[in-house]
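Reader: I am a first-year student, and I would be grateful for a close look at the surroundings of the ligand. Please also explain how the open and enclosed spaces of the protein are lined.

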Amino acid sequence: MIKSLRGMNDILSEDYKRFTYFINTASDVAQKYGFHFIQTPLLEETALFKRSVGASSDIVGKEMYQFIDKGENDVSLRPEGTAGVVRAFIQKKLDKAGGIHRFFYHGSMFRYERPQKGRLRQFHQFGVESFGVESIYEDANMIMMVCDILLACGIGYRLQLNSLGDAKCMPAYHDNLVKYVTKFKDEVCKDCIRRLDTNPIRVLDCKNKICQRIYKDAPKLINNLCQSCEDDFSKLKNILDSNNIDYEIDTNLVRGLDYYSKTAFEFVSDNIGSQSAIAGGGRYDKLVEFLDGRPTPAVGFAMGIERLMELIVMPESPKNGYYIGAMDENAVDLIVQLSHKKRKTHKVSIDYKAKNFKNHIKAAEKVNAKYFIIIGSNEIQSATMVIRNLKDNTEKTVTLKEF
Ligand code: HAM
C-alpha cells in the first residue's frame with residue numbers, strides 16, 4: 001500500500017472543519033486590519049530563499065526541498081511565505097509605486113525537518129506582510145492582530161519579545177559577541193563555531209546545554225541598542241502596555257530566519273508540547289532592498305496552523321439545511337429532483353438508499369440537518385410530505401409543489 005510521505009498529512013473531516021474555521025477567522029481579522037489576500041507560487045528559484053531567509057540558516061542550509069527541474073533551473077518548494085511575497089511586491093513594482101501595501105496569505109510550506117508532534121515536513125501557515133510603514137505602531141499592530149486571531153479562536157498564549165537592533169548597532173554588538181564566544185571556542189559546539197562566521201547572533205538560539213550555559217553571561221542585544229532602536233523598543237512596550245497585552249522580554253530570541261532587524265516576536269503555547277511556537281514574526285526593513293527593490297520598511301508574522309488546530313475552541317455549529325431520505329426504491333427519483341431544486345437556496349443531504357425511519361433519523365443527526373423529510377409511496381400518492389424540524393421537534397405538512 002502506498003502511504004503519504006513522512007511528515008505530510010491528509011486533512012479531512014473534523015480536522016478540516018478546524019482548519020477552515022481557523023483560516024476564515026484569521027482572514028476575517030486580517031481584513032478588519034485592512035489587509036488584502038495574496039497568493040504566490042509554491043515553487044520559486046532557490047536563490048530567492050538563499051538571499052532572503054539566508055544561506056547560513058538551518059532552513060536553507062539543511063531543510064529545503066530543492067531540485068533541478070526539467071529546464072535545468074535550481075528550484076525549491078517554499079519553506080516560508082515572506083520571501084515569495086517580497087518577490088511579488090518587487091516584481092509588480094509596488095516598491096516603486098510607494099505607499100502602503102498590506103497582504104495576508106495562507107498555504108503549504110515545506111521544510112525537510114525531523115518529523116515529530118507539531119513538526120511536519122509539509123505544514124500550513126497563515127501570514128501577513130506589511131510594506132511601507134516605518135512606524136513602530138505597525139509592529140504593535142502586527143502583535144495585536146495575532147492576539148485578536150488567537151482570542152477569536154479561544155487560544156491562550158505567552159508573547160516573547162526582543163529587539164535585534166539595526167545596521168547601526170548590530171555590527172559592534174556582533175564583534176562583542178564573537179569576542180565573547182571565541183573565549184569559549186574549545187567548549188561550544190561545532191555549529192556555533194560555524195555560526196561565528198555566518199551569522200553570530202544565531203549562537204544565542206543554540207539548543208546545546210553547554211552552549212546555553214556559556215551564553216547566559218554573553219553580552220545582551222537589548223543592552224547594546226542604538227538610540228533609535230532603544231526608543232522604538234520602549235515605545236513598542238508602552239503601546240502593548242496601554243493595550244493590556246502581556247509580554248516577556250527574551251534577550252535570546254533571534255528567530256531562525258536571517259532577514260530580521262529591530263522587532264522580533266514569538267507567541268508560544270504551553271499546551272502543545274515541545275514545539276511550542278504558534279506564531280512568529282518581526283521587522284525586516286532591509287529585505288526589499290536586498291532583493292533588488294527600492295528600500296521599503298516591512299514587518300510581518302506567520303502562524304503555524306497545524307500547531308493551532310488542537311487548541312482551537314470551535315463554536316457549536318447550529319443545525320442547518322435539509323435531510324431527505326427515501327423509504328423505498330421508487331421514491332429515489334423524486335428525492336433527487338426535490339434536492340436539486342432545493343439546493344439553489346439551501347444545503348440538502350440526501351440518501352439514495354431506501355431505509356427505515358430510525359436509520360434515516362440517525363443519518364440526519366450525523367449531518368446536523370435542521371429539517372427532516374422522508375418520502376415513500378404514501379407521499380408520492382398524496383403529493384404531500386411532512387417536514388420535521390429537528391431543532392424544536394415540530395412538524396408541518398406541505399404539498400410537493402409548495403416545497
Ligand atoms: P517561522 O517562525 O519560521 O516564521 O514560522 C512561523 C510558524 O510556522 C511557527 O511559529 C510555527 O508555528 C510554524 N512552523 C514552522 N515550522 C513548522 C513545522 N516544521 N511544522 C509545523 N509548523 C511549523 C516564518 O516562517 C516567517 N516567514 C514569519 C514572518 C512573516 N516574519 C515576517 N513575516
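**The ligand and its surroundings**

Author: Of the 25 residues around the ligand, those that come nearest are E80, E113, E129, Y260 and A277. The model under discussion is a predicted one, and the description below should be read with that in mind.

Two of these nearest residues also take part in contacts with nitrogen atoms of the ligand. A polar side-chain atom of E113 lies 2.7 Å from a ligand nitrogen atom. For E129, a polar side-chain atom is found 2.8 Å from a nitrogen atom of the ligand. L120 contributes through its backbone: one of its polar backbone atoms is 2.9 Å from a nitrogen atom of the ligand. On its own the ligand has 660 Å² of accessible area, and the protein covers 96% of it.

Which elements give two or more residues to the shell around the ligand? They are β6 (122-131), β10 (277-283) and β11 (298-304). The largest share comes from β10, which provides five residues. In terms of chemical class, the shell is made up of eleven nonpolar, seven polar and seven charged residues.

Attention may now turn to the spaces in the protein. Rolling a probe the size of a water molecule over the atoms shows where empty space is left. The second largest pocket holds about 500 Å³ of space. Its lining consists of 27 residues, and N199, D258, Y259, Y260 and K286 lie nearest the centre of this pocket. Y260 is thus named twice in this account: among the residues that come nearest the ligand, and among those nearest the centre of the second largest pocket.

Three helices, α2 (46-54), α7 (170-183) and α11 (287-290), each supply at least two residues of the lining of this pocket. The contribution of α2, four residues, is the largest share. The lining of the second largest pocket divides into eleven nonpolar, eight polar and eight charged residues.

The enclosed space is described separately. The structure holds one cavity of 30 Å³ or more, and the largest cavity contains about 50 Å³ of space. Its lining is formed by S56, D58, R194, R195, T198, N199 and R202. N199, which lines this cavity, is also one of the residues nearest the centre of the second largest pocket. Helix α8 (residues 190-198) gives three residues to the cavity lining, the largest share. By class, the lining of the cavity has no nonpolar residues, three polar ones and four charged ones.

Finally, the wider setting may be noted. The domain assignment divides the protein chain into domain 1 (13-169 + 225-311) and domain 2 (322-399). The C-alpha centres of domain 1 and domain 2 lie 48 Å apart.

Conventions. Residues numbered from 1 in each chain as written. Predicted model: local features only at pLDDT ≥ 70, side-chain atom pairs only at ≥ 80, totals over all residues. Heavy atoms only, no water. 1 Å grid on protein atoms, 1.4 Å probe; cavity = no way out; pocket = protein on both sides within 12 Å on 5 of 7 lines; lining within 4 Å. Points joined across faces, edges and corners; volume = space filled by probe spheres on them. Nonpolar A, V, L, I, M, F, W, Y, C, P; charged D, E, K, R; others polar. Near = heavy atom within 4 Å. Polar contact = N/O pair within 3.5 Å; in protein donor to acceptor, adjacent residues only side chain to side chain. Areas by Shrake-Rupley, 256 points an atom, 1.4 Å probe, with all protein chains shown as cover. Domains from an automatic or database assignment.
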